[in-house]
Each structure stands twice: as structure tokens, then as C-alpha cells.
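The following exercises invite the reader to examine a structure step by step. Each task is followed by a worked solution.

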Amino acid sequence: MLCVVYGLNYLDKTTLSYASIMGMQSAIHLHGTNYQWLGSMFYIGYLAWEYPTNRLLQRLPLAKWSAFNIIMWGGTLCCMAAVENFAGAVAVRFFLGVFEAAVTPGFALFTSQWYTRQEQGTRTGIWFSFNGFAQIFGGLVAYGISTGVKKHGATIDSWQIVFLTIGLITVMVGCIFLYFMPDNQLNAKFLTPRERVMAIERIRKNQQGVGNKHFKMYQFKEALTDPMTWAFVFFALVADIPNGEFTRRSSQVASLNIFRGYLEFLLATHCIFRVHS
């Protein structure tokens with residue numbers, strides 16, 4: 001479930017790039033830097049809500065809050081099919097970023113909650129690799145819809161169908177996630193009472209328990225003074241700034257789109273095997 005949802009997380013925010021070559025820009029009268037602002041508005045919403053949603057992930061039941069955000073971002077993506085102008089698209093993209101802000105930190109919590117420190121790198125690599133799978137899947141879905149509409153026609157535009165299709169798939173997966181995903185080992189439906197104790201016992205070596213709902217200032221200060229924290233900040237800046245622009249434009253360079261997905265998937269898989277070995 002983590003793999004599928006994380007793939008949808010990547011696919012939902014990049015659906016804009018597919019729609020941009022299917023007539024969306026002319027349909028909602030984008031001009032000048034409007035398209036670039038739509039790409040950026042997602043990350044503005046993401047940044048604005050990142051800290052509050054992290055605190056809510058800590059204070060609320062983890063699986064239920066994550067599932068709520070998955071369902072809401074799927075519904076928000078569907079709303080993109082109804083926008084008629086730049087202002088409406090900006091509002092939808094902002095809230096799409098708000099709801100998707102919970103995914104990566106929430107999944108990091110799930111992974112640390114269920115796996116030992118030695119296992120966490122491999123497990124994170126597995127669900128993170130589905131970014132590449134989503135790029136492959138999304139390109140094929142967009143191509144199929146575009147080709148089908150050209151051949152057989154439709155009552156709405158192909159770019160609207162893309163938003164509705166991927167958005168409704170996300171809502172459906174979010175409902176499945178809500179039903180099956182446990183908040184922690186203690187309410188995992190697929191484990192017996194004895195197995196729940198065993199699942200908690202096996203992560204005792206992490207020295208972290210299954211969830212702490214209190215903010216600890218000394219840990220916050222320690223993180224700010226850790227050079228590794230700022231190394232991650234630097235890495236994120238130099239990697240994600242160009243990646244964000246390429247993501248918005250990838251469908252406009254059609255020959256690179258699916259190739260990029262395969263490359264991301266293969267690189268992530270290679271890293272998983274190297275960590276495991």
C-alpha cells in the first residue's frame with residue numbers, strides 16, 4: 001500500500017504536465033508565466049502546511065490522518081477538471097500541495113514504526129522507487145486517454161478525463177488505505193495478539209517505541225546543530241529545484257517521459273540492492 005500510494009503521490013502532482021499538452025493551457029487561457037506559477041503553487045501549499053501536518057501526524061492516529069489526506073488530495077485533483085481560469089487552477093494546485101504534504105513524513109513514520117534501523121533504508125528505497133513506476137504508468141494512461149478521445153470523441157476534453165481518472169483512482173486507493181492500514185502494531189487487523197507483541201518486540205532495538213505524541217525541544221535543537229541535517233537541506237535544494245522544472249516540462253519532451261520513469265525505477269532498485277548487500 002505504501003508503494004502504490006507513494007506512486008500516486010508523484011503521479012497526481014505531475015498530471016499537470018500531461019494535461020498541458022492535451023489542451024488545458026488554451027482551455028483555461030494560460031499565458032506568460034501562468035503555467036510556471038501553477039507548477040510552483042503546489043510546492044507553496046506543500047511548504048505552508050508541512051509543519052502543521054507533521055504535528056498532526058504525531059498527535060492524531062497515523063493511518064487515519066494519512067488516509068484522510070490521500071482521499072482529499074484525490075478529490076482535489078478531480079477539481080482540476082472543473083477549473084475554467086488561472087485563478088481557479090491556482091487555488092486547486094495550492095490545496096493539492098497542502099494535502100500531499102503529509103505523505104513523505106507520514107511514510108517515514110510508518111517505516112520507522114514497523115522496521116528496525118537496519119531495515120529502514122531498504123524499505124524506504126522500495127516505496128520511493130515507485131516514483132519511477134508512476135512516471136511510466138502516468139505516461140501510458142495519458143497517451144491512452146488522448147488517443148481514445150481523438151478516435152472516439154468525448155463529452156469533455158481529454159485533459160479533464162486525465163484529472164478525473166487519476167483523481168478517482170487516488171480516492172479509491174485512499175479508502176482501501178483507510179480500511180486496511182493500521183495506526184500501529186497494536187491495532188493491526190492482520191496480526192494476532194501474540195504477533196502484535198512480537199512486532200513491537202522486534203523494534204525494541206530502535207529505542208523509540210511505536211509513537212510519541214510529545215514535541216521535545218532538545219531534539220529539535222540537536223537536529224538544527226547536526227551537520228547531516230544541513231547536508232540533506234543542500235542536497236534537496238540542488239536536486240529538487242531542477243527536478244521540479246523538468247517534472248513540469250517532461251510531457252512536453254515526450255520522447256524523454258517514459259524513459260525517465262524507467263531510469264528512476266532502475267536507479268532506485270539498484271540502490272535498494274546495494275543497501276541490502
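**Exercise 1: An enclosed space**

Helix 4 gives four residues to the lining of the second largest cavity, the largest share. The model under study is a predicted one.

Task: Determine how many cavities of 30 Å³ or more the structure holds, and describe the lining of the second largest cavity.

Solution.
1. Two cavities of 30 Å³ or more are present in the structure.
2. The volume of the second largest cavity is about 40 Å³.
3. Its lining is made up of Val-5, Ser-66, Asn-69, Ile-70, Trp-73, Phe-99, Ala-102, Val-103 and Phe-107.
4. Two or more of these lining residues come from helix 4 (62–79), and two or more from helix 6 (103–114).
5. By character, the lining comprises seven nonpolar residues, two polar residues and no charged residues.

**Exercise 2: A surface patch**

Task: Identify the residues of the nonpolar patch on the surface, and state which helix supplies the largest share.

Solution.
1. The patch is formed by Tyr-51, Phe-215, Met-217, Phe-220, Leu-224, Trp-230, Val-233, Phe-234, Leu-237, Val-238 and Ile-241.
2. Together, these residues have about 1100 Å² of accessible area.
3. At least two patch residues are supplied by each of helix 11 (217–224) and helix 12 (227–249).
4. Helix 12 provides the largest share, six residues.

**Exercise 3: One residue of the patch**

Task: Locate Val-233 and explain why it is classed as partly exposed.

Solution.
1. Val-233 lies in helix 12.
2. The relative accessible area of Val-233 is 36%.
3. Partly exposed covers values between the cut-offs of 20% and 50%; Val-233, at 36%, is therefore partly exposed.

Conventions
Residues are numbered from 1 along each chain as its sequence is written. This is a predicted model: local features need pLDDT of at least 70, side-chain atom pairs count only at pLDDT 80 or more; totals for chains, interfaces and linings use all residues. Side-chain values use heavy atoms; hydrogens and water are left out. Patches are made of residues with over 30% relative accessible area and no salt bridge: like charges are joined within 9 Å, nonpolar side chains (Val, Leu, Ile, Met, Phe, Trp, Tyr) within 5 Å. Accessible areas come from the Shrake-Rupley method with a 1.4 Å probe; for residues, only the protein chains shown count as cover. A salt bridge is a side-chain nitrogen of Lys or Arg within 4 Å of a carboxyl oxygen of Asp or Glu. Buried means under 20% relative accessible area, exposed over 50%, partly exposed in between (1.4 Å probe, protein chains only). On a 1 Å grid over the protein atoms alone, a cavity is a set of points where a 1.4 Å probe fits but cannot get out, and a pocket is an open set with protein on both sides within 12 Å along at least five of seven lines; lining residues have an atom within 4 Å of a point. Grid points are joined across faces, edges and corners, and a volume is the space filled by probe spheres set on the points. Ala, Val, Leu, Ile, Met, Phe, Trp, Tyr, Cys and Pro count as nonpolar, Asp, Glu, Lys and Arg as charged, and the others, Gly among them, as polar.
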